[in-house]
Amino acid sequence: MKRYLVFLLIVSLSNLACKKKESGDTVAPQKTSTEPSDGGTRISVTSGIFINYDEEILLDDNYQITVNGQPKTATVSGMKVTIVITLAEGTTYNVSISAHSIKDLNNNYAEAVNFSFTTRYPQPTDGKYEAE
């Protein structure tokens, strides 16, 4: 009889340990801002490209982030995505993050993100700016 009770106890504890923890969070992370902002002009080339969300996020293993159609590497820290890039002067950048690239800690995926901005033109050596 003791063996039977021990067996039931082990089976019960194993079953409890294997159940997935339900968090109840079914809300996808929402983009709160981009840096630079969408449509920004005269952005410094020393700026970076960042996307901020309203909760902690992760990159999906198969994330797809492009800048001007070229795949880019990115990192995440807390609620911020940082795209690894060196910006050039006088260039328009189109940033695209596909759906299923960014997710929260409960695997809720954020919507796709698209935005663009333009870096400032180089400082003229004669001090006179031409129309941009």
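Thr 118 sits in strand β11 of this predicted model. With a relative accessibility of 17%, Thr 118 falls under the 20% cut-off, so it counts as buried. Setting aside neighbours within four places in sequence, Thr 118 touches Gly 40, Thr 41, Arg 42 and Ile 43, along with Thr 91 and Thr 92.

Strand β11 also feeds the largest nonpolar core, being one of the strands that supply at least two residues each. That core has 20 residues, and Ile 49, Ile 51, Tyr 53, Val 81, Ile 102 and Phe 117 are the ones with the most contacts inside it. Here are the strands that each give the core at least two residues:

| Strand | Residues |
|---|---|
| β3 | 49-53 |
| β4 | 57-59 |
| β5 | 65-67 |
| β8 | 80-83 |
| β9 | 92-97 |
| β11 | 113-119 |

Now for Ile 51. Not counting residues up to four places away in sequence, Ile 51 is in touch with Lys 31, Ser 33 and Thr 34, with Met 79, Lys 80, Val 81 and Ile 83, and with Ile 97 and Phe 115. Thr 34 stands opposite Ile 51 in β3, and β1 and β3 pair in the antiparallel sense over four bridges.

Those two strands belong to an open sheet of four, ordered β1-β3-β8-β7 with antiparallel pairing. At the edges are β1 (31-35) and β7 (74-77); each has a single partner strand, so one side of each is left without a neighbour in the sheet. On average, and ignoring direction, neighbouring strands of this sheet are turned by 20° against each other.

Key. Residues numbered from 1 in each chain as written. Predicted model: local features only at pLDDT ≥ 70, side-chain atom pairs only at ≥ 80, totals over all residues. Heavy atoms only, no water. Core = buried A, V, L, I, M, F, W, Y, C linked by side-chain atoms within 4.5 Å. Buried < 20%, exposed > 50% of the residue type's maximum accessible area, 1.4 Å probe, protein only. Contact = heavy atoms within 4.5 Å. Pairing = 2+ DSSP bridges. Axes fitted to C-alpha atoms, helices over the stretch in contact; angles between N-to-C directions.
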